[in-house]
Every structure is written in C-alpha cells, then in structure tokens.
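Here is a friendly note to read with the structure open beside you. Take the points in order and look for each one in the picture as you go.

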Amino acid sequence: MLKILLKNRLLALADQLTGQSKGKKAAKLSTYALLIVLGILILIGCCAGVNALFGNICVRLAQRGEVWAVYGFAGAAGFLLALFLTLFYAQGVIFEAKDNELLLSMPISPSAILASRVGSVYFLNSLFTLVLLCAAGYTVSAQTGGIGILNWILVIVCALLLPLLSTTVSCLLAWLVSYITRRTGRKVLVQTILSLVAIAALFLVTMGVNRNFFSTFAESAGDIAQAFRRSLYPLYAMGLAIAETNWGMLAIFAAICIVPFAIVYYVLSRSFIRIVTARNAAKKQKYEATALKGSSVVWSMTKKDLTRFFSSPPYMTNAGLGLLYSIGLTIFAMVSGDSVIRNILEKTDRFSDPGAYTTVIAAFVISFFAALTTISGCSVSVEGKNLWILKSMPVRAKDVLTGKLLSHLVLAIPVSVLCSILYLFVARILTVPGVILMFLMPIAFNCFNALFGLISNLHFGKLDYPSIAKAAKSTTSSLIPILATILLVIGSAVLYFTALHGKIDVTVYGIIVTAVIFAVDLCMFSYLGSTGAQKRWDELGQ
Amino acid sequence: MLQINHYTKQYSADGPKAVDDLSLHIKPGEIYGFLGHNGAGKTTTIKACCGLLDFTEGEILVNGMSIKKQPLECKKIMSYIPDNPDLYEFMSGIRYLNFVGDVYGVPTDMREKRIAEFANDMGITDALAEKVASYSHGMKQKLAIVAALMHDPKLLIMDEPFVGLDPKAAFILKKFMRTFCDNGGAIFFSTHVLEVAEKLCDKIAIIKGGKLLADGDIETVRGNESLEEVFLELVDDIKAEEEHA
C-alpha cells in the first residue's frame with residue numbers, strides 16, 4: 001500500500017515539476033527524461049559553480065586539515081535550501097492535502113498515508129542535499145587532487161541521511177504553521193508573513209554575498225570552521241565522516257538524523273487523524289448589514305483581481321516578486337545609497353555628463369526590476385474554474401482585461417514611482433529631463449510588462465490549473481513577460497552603449513526609448529478593446 | 001423568452017454530435033424542465049443558451065435576441081446557475097454579491113434590499129461576512145442563487161439547481177421558482193429528480209444521446225403514467241431501437 005501511495009505522490013510531484021497533469025504516456029516520459037537531463041545539467045552547473053566560488057577556501061581549509069568544513073558548509077546550505085523550498089510543500093501535502101479524508105476513509109493505515117507524504121518531502125530534500133554535497137565532493141576532489149571511492153560513497157550516504165534531519169524540521173515547522181493558521185484562522189496572513197520573512201532572508205543573504213565576501217571568508221575560513229564545529233556539531237560530524245572516512249562520526253551523524261526523524265514520525269502518525277481532521281478554531285464572523293458601495297465595472301473587476309492577488313500567498317510571492325525586489329532595492333538604496341551612487345559615478349565619470357548617465361542607468365535598473373512583476377501574466381489563467389462567472393455576465397472582454405491590467409499597474413506603478421523618488425532623493429541629481437525620465441521610463445516598462453503578460457496569457461495561457469497557486473507558479477505565464485521585458489530593458493541599454501554612445505545624448509536616448517515603449521504600450525492597450533481580443537476571450541473555455 | 005432552434009453542437013469536426021438538431025421554446029411564465037441521463041447533452045445545451053459555449057448549427061434567441069450576435073444584451077436579462085458553483089473563494093459572500101451588483105449595474109439601494117430579502121430566504125445572511133472558501137456546497141449553491149437574482153432577471157437557466165440544497169432551501173427555491181414564473185419570468189432547468197420535475201414543471205423535454213425524445217406539457221408527455229415510467233420507457237425504447245439497428 002505504501003508503495004502505491006508513494007508512487008502516486010512522486011508522480012504528482014513530477015507532474016507538478018513538469019507542469020503536466022494529463023497527456024500521453026510517451027509525452028510524459030519524454031518530459032521526465034527532459035527533467036532528468038535538466039537535473040544532470042544543474043548538478044554539473046553546481047559542481048562548477050561551487051568549485052569556482054569556494055575553490056580557494058577549500059585549498060585553505062585543506063592546508064589546515066579541515067576539509068570536513070567544505071562538506072559541513074555544503075550540508076548547511078543543502079539543509080537551509082531544503083527547508084526554505086519544502087516548508088510550504090510539506091504543509092500542503094501533509095496537513096492540508098485535499099485527499100486526506102478520502103484516503104482515511106479507505107482501508108489504509110494513517111502511518112502509510114503519512115509515510116507517503118513525508119516520503120515525498122524527503123525525496124525533494126534529498127535532491128537538494130545530494131546536489132550540494134556532490135558539488136562539495138567535486139570541489140574537494142578538484143582542489144586536493146582527488147578523493148577516494150569510499151569518500152564518494154559516504155557523500156551519497158550522508159546525502160541520504162541529512163535530508164532526514166531537514167525533513168524532520170520541515171514537518172515540525174509545517175505542523176506549527178498549520179497549528180497557528182488553524183488557531184488564528186488567518187492562513188493568508190501567516191503564510192504571507194512567513195513567505196516575506198523567507199524572501200527577505202534570501203534577499204539579505206544575496207545582498208550580503210558581495211564581491212568581498214569570498215575573499216574575507218577565505219582569509220578567516222579556519223576560524224569560521226572552528227565556530228562551525230562548536231555550534232553545528234551534526235554537520236561537523238558529517239563533514240568529518242566524509243572527509244576522513246570516520247565511521248564513528250558517521251554513526252553519531254546517523255543517530256542525530258534518524259532518532260529525531262523517528263520520534264517526529266511516530267508522534268505525527270499517532271496524531272495524524274486528529275491533526276488533519278481538526279476544524280478551524282477561529283470564531284465565525286457574523287454578517288451585519290452595512291451600506292454597500294457601488295463601483296464601475298472596470299474598477300469592480302480590478303478590485304476582484306486585487307482581492308484574489310492578496311488572498312493567495314503563493315500568487316503574491318511568485319507574481320509580485322518584482323514589487324518585493326523593487327522595495328528591497330529601494331531600502332538598499334536608502335541604506336547604502338551614497339556608495340551605490342559613488343560606484344555608478346566612478347564607472348561613468350569618463351563620460352562628459354556622469355549625472356545624466358547615472359540617471360538613465362538607474363531608470364533602466366528600476367525598469368529591470370519591474371520585469372519581475374508578473375501579476376497580469378497569469379491573471380487569465382488564475383480565473384480557471386471561475387471563468388464561467390465572467391463569461392455568463394454581460395461584460396465585455398475589454399472591461400475584464402482592463403481590470404486585470406489595472407490590478408497589475410495599481411501595485412507596480414506606485415512601487416516604481418517610490419523607487420524613482422528615493423533614488424532622486426539619494427542621488428540629488430536633479431535635471432528636469434532626468435527627473436522626468438526617472439519617473440516615465442519605469443512606468444513605460446511597467447505598462448509594457450503588464451500588457452505583454454496579459455496578452456500572452458490571454459492567447460497562450462492554460463485554464464486547467466487546479467488552484468490559483470499552481471497558475472501563478474506556472475513557468476510559461478511568468479517567464480514570457482519576464483523574459484520579454486528583461487530583453488527589452490537590457491537590449492535598449494546595450495544598444496546605446498555598444499552602438500549609439502557618442503552619437504546621441506544619453507538623456508535624449510532615454511526619452512526616445514521611453515516614447516517608443518509608450519507607443520508600443522498604446523498599441524497593445526488598443527488591442528484589448530479590439531475584436532481580436534474579444535474573439536480570443538470568447539474562445540476561452542470552449 | 002428562450003427559443004432554441006435546430007441547435008447542434010459538435011465538439012470536434014469529426015466527432016459525434018453532443019446535441020443534434022434540438023428545438024425548444026420556453027415562454028414567459030413557464031418552468032421548463034430538461035431531463036436526461038448523465039451525458040445526454042443537458043449541460044451542453046444549457047451552457048450554449050447562456051453564451052458559455054459556442055455551437056455548430058442552429059440559433060438560440062433570448063427574448064428575440066441572438067445569443068451569438070448580441071450576447072451582452074441577452075446576458076443582461078438572464079441568469080445562470082451551474083450545477084457546481086465554483087464561486088470566487090477569495091471573496092466574502094457579501095463582496096461577491098456586491099461584485100455581481102456592480103457588473104449588472106444594480107443600484108446600491110436595490111442590491112441591499114434584494115440581498116437582505118433573498119439571503120434571508122436562503123438562510124445565508126449570517127454567513128455573508130465569511131469567505132466563500134469556508135462555505136459548504138449547499139451554501140455556495142444558495143449564494144449563487146442569490147447572486148443570480150440580484151439584477152431581477154427575466155430568464156433563469158439552472159443546471160441541477162437542487163443538488164446540495166437542504167430540504168428547507170429546496171422548498172424555498174421551488175416556491176420562488178413558481179412565484180418568479182407567475183410574475184412573468186421564465187425558467188429553464190435541468191434535473192435528474194423526476195419527482196421535482198413532475199411537481200414543479202409546466203413543460204418538460206427529455207433528451208438522450210443529444211436527441212430530443214419528447215417535449216411539451218407535462219400532462220401531454222406523461223399521459224396516464226408517472227413521469228418516471230414515461231422517462232424509462234422512452235429511454236429504453238430508444239436503447240432497444242439502437243440495439244436492433
């Protein structure tokens with residue numbers, strides 16, 4: 001029974017990764033094969049990347065006889081990555097799976113159901129850990145003249161043991177999140193806060209890893225390794241087990257991974273039915289009639305789409321990533337604005353008017369971050385099973401689509417304007433054309449991104465996603481507008497510096513780019529009201 | 001109010017006809033029941049009448065207007081309630097009703113009055129502040145019914161409207177359907193529950209395999225037999241004919 005459940009869970013996971021829910025077996029197999037090839041490429045990329053970044057550190061650690069630390073750091077990274085990426089997955093598949101009650105009504109033991117769920121979390125975690133530990137093994141091998149077959153076997157063994165620990169922590173945190181959301185009834189709020197905390201942490205780590213990081217790290221690698229040994233003993237044990245084929249340390253590490261996992265699994269399996277069938281403890285709100293406020297059709301559609309956006313943490317964090325990054329960038333500019341500006345000025349002081357260059361570059365940078373917002377890029381797909389509501393109403397495609405466009409722009413434009421204001425505040429470079437450009441260029445690219453995403457989703461988007469979250473996470477919906485806008489932003493900047501520099505003033509060029517993008521925006525906007533868009537809308541769901 | 005003339009629907013060019021040359025006429029004041037097995041073509045017909053599904057041949061007129069040529073005008077005077085109302089789960093009940101009011105341009109005082117009246121009838125007033133996601137199937141069905149009545153439609157098209165309703169709500173809905181048609185409205189609905197059709201409908205149509213088997217006044221169709229007997233006889237006759245052929 002466990003084998004069947006586990007197989008179903010892993011197939012569902014594979015379908016989720018490939019974006020396929022149905023299709024011919026041959027097509028599915030080819031997609032799985034593609035996925036495996038992609039996995040191998042990622043592994044090769046990681047090996048090369050880790051070797052390039054940590055090669056020096058590895059050499060220093062090897063000189064001090066502390067190669068174990070390389071595996072320890074890789075294990076720590078794998079543990080954190082697994083935790084970050086599978087926390088909500090664990091919560092979804094273990095505690096909030098829609099088929100829990102169906103399976104519990106069948107002659108299947110709760111522990112088998114739980115094992116299949118936990119097994120899929122473990123599988124994902126072991127993939128991340130395996131990639132990072134293999135990359136560490138490759139780096140050590142490349143920098144120290146090769147490692148033995150026994151070391152490689154221990155890398156694999158540890159890559160199977162360590163995910164038990166991350167799965168244990170994922171399960172406990174997922175249980176905690178479920179418990180809090182059930183007690184408070186504020187699922188969206190709790191998930192949003194957690195998602196934002198996770199993204200903020202990732203953002204801070206990314207920003208922290210600047211160009212000086214690796215050299216500083218390499219210089220004090222030995223001290224860090226000692227601190228590591230004291231505070232993260234399990235990873236020290238793992239590192240030592242692999243690096244020195246220390247069987248005693250392997251036994252300790254195995255015990256540290258297996259015992260907590262067994263305890264958590266035992267406790268969860270004993271209380272599985274109670275946990276997954278528990279009702280929301282939040283008090284029901286009783287409706288008190290109040291005066292209703294009417295809105296226009298377009299604004300009503302906009303409000304509807306905004307409500308949908310703010311009600312789904314995965315939608316917010318996937319489609320609104322650009323907003324978060326723009327805000328992050330703004331905060332970063334506020335905190336270290338002077339050094340950033342100085343940096344740009346240093347790079348542009350060979351030009352006749354460095355202020356103008358920094359303004360245009362900053363406008364391009366803000367526009368670049370606008371590309372990462374894909375709210376409209378999946379706004380048609382997220383209608384999914386609700387499409388009948390709009391299609392049975394006396395509403396034109398133009399109004400529906402304009403509502404979707406506005407729901408993107410009312411969030412994206414204020415954020416980009418805020419970025420522009422703060423940049424100007426920090427830079428104190430105030431020329432009238434420069435100021436106008438700082439505001440208008442990001443707005444033009446935001447409109448382009450929103451319109452392009454909307455139109456491509458209208459024409460190529462799928463409607464059979466089982467949930468808003470799945471539609472928002474769909475790679476095609478997100479990637480098309482992101483790639484198009486990034487290409488346009490980078491292409492426009494590169495065109496100037498490679499072909500037009502010296503032939504045309506940079507501010508004038510920025511204004512021309514902005515005007516052209518606005519013209520394209522206007523054409524795309526007029527398409528929303530065309531018979532072509534109406535016809536495509538009518539075809540949806542047929 | 002609703003005229004279906006030679007309606008034919010084929011999902012793919014070389015595939016079978018889901019509905020074949022169906023013609024029905026639903027007049028104001030009539031409750032028209034649409035009966036048939038699972039997969040007979042009821043939902044396909046209903047969706048085409050609401051403008052949700054394009055069709056291959058024929059014409060569907062709502063109050064004399066073509067659903068193909070004037071879909072918005074048609075939709076303004078009708079309402080559709082699907083068998084499984086997937087409503088906006090991220091909205092509260094009251095926000096959903098207000099959204100529907102906005103789209104149909106119902107004046108705010110009128111929507112407040114109608115919400116108060118219909119939500120109370122359906123027994124969902126207290127739950128209107130809650131998110132639709134927390135509603136049971138029956139409550140979603142009730143909310144869909146209240147939303148459908150917001151703009152005072154002339155034609156109601158319902159797909160299995162009694163599924164998931166508790167006895168009280170089903171009773172209220174039947175009473176409402178009668179009052180609605182007595183006031184000049186028209187209702188076209190599909191159902192599997194023959195007893196409901198027998199007691200509630202003025203006219204019925206029986207469809208099987210996309211083809212109309214019988215239609216007309218309920219008394220004419222059933223004669224001296226019960227609707228259940230007639231339904232089974234008609235369906236079995238066709239089945240026997242098909243097997244014979």
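The numbered points below go through chain A, a sheet in chain B, and the place where the chains touch.

1. Before anything else, please keep in mind that this is a predicted model.

2. Let's begin with chain A. Chain A is built with 22 helices and zero strands. Of the 542 residues in chain A, 41% are buried. How do its contacts spread along the sequence? Among contacts in chain A with a separation of 6 or more, 85% are between residues 24 or more positions apart.

3. Now turn to chain B and find strand β1 (residues 2-10) and strand β4 (residues 57-62). These strands of chain B run antiparallel and are joined by five bridges. To find your place on them, look for B:Ile4, which stands opposite B:Ile60 in β4(B). When you follow the strands, it helps to know that side chains in a regular strand alternate between the two faces of the sheet.

4. Stay with β4(B), and look for its pairing with strand β5 (residues 65-66) of chain B. Two bridges join β4(B) and β5(B), and this pair runs antiparallel. Here B:Leu61 stands opposite B:Ser66 in β5(B). The hairpin of β4(B) and β5(B) has two residues between the strands, and in this hairpin B:Asn63 takes a positive phi near 50°.

5. Next comes the place where the chains touch. Contacts link 31 residues of chain B with 26 residues of chain A. On the side of chain B that touches chain A, α2 (71-76), α3 (93-104) and α4 (108-122) of chain B each supply at least two residues. Which helix gives the most? That is α3(B), with seven residues. Sorted by class, this side of chain B has 17 nonpolar, five polar and nine charged residues.

6. Finally, look at one helix pair across the two chains. The axes of α12 (residues 297-311) of chain A and α3(B) come within 8 Å and cross at roughly 155°. Why is this pair called roughly antiparallel? Because angles over 145 degrees count as roughly antiparallel, α12(A) is roughly antiparallel to α3(B). The crossing of α12(A) and α3(B) is left-handed.

7. You can also pick out the residues that make this contact. From α12(A) they are A:Val297, A:Ser300 and A:Lys304, and from α3(B) they are B:Phe99, B:Asp102 and B:Val103. By class, the contact of α12(A) with α3(B) has three nonpolar, one polar and two charged residues.

Technical notes
Residues are numbered from 1 along each chain as its sequence is written. Chains are lettered from A and ligands numbered from 1 in the order in which they are written. This is a predicted model: local features need pLDDT of at least 70, side-chain atom pairs count only at pLDDT 80 or more; totals for chains, interfaces and linings use all residues. Two residues are in contact if their C-beta atoms, placed from the backbone, lie within 7 Å. Helices (H or I, at least four residues) and strands (E, at least two) are DSSP runs, numbered from the N terminus. Ala, Val, Leu, Ile, Met, Phe, Trp, Tyr, Cys and Pro count as nonpolar, Asp, Glu, Lys and Arg as charged, and the others, Gly among them, as polar. Two strands pair if DSSP finds at least two bridges between them. A residue is buried if 20 or more other C-beta atoms lie within 10 Å of its own, exposed if 12 or fewer, and partly exposed in between; C-beta atoms are placed from the backbone. Axes are lines fitted to C-alpha atoms, for helices over the stretch in contact, and angles run from 0 to 180 degrees between N-to-C directions. Angles under 35 degrees count as roughly parallel, over 145 as roughly antiparallel, 65 to 115 as roughly perpendicular and the rest as oblique. A crossing is left-handed if the near helix is turned anticlockwise from the far one by less than a right angle, and right-handed if clockwise.
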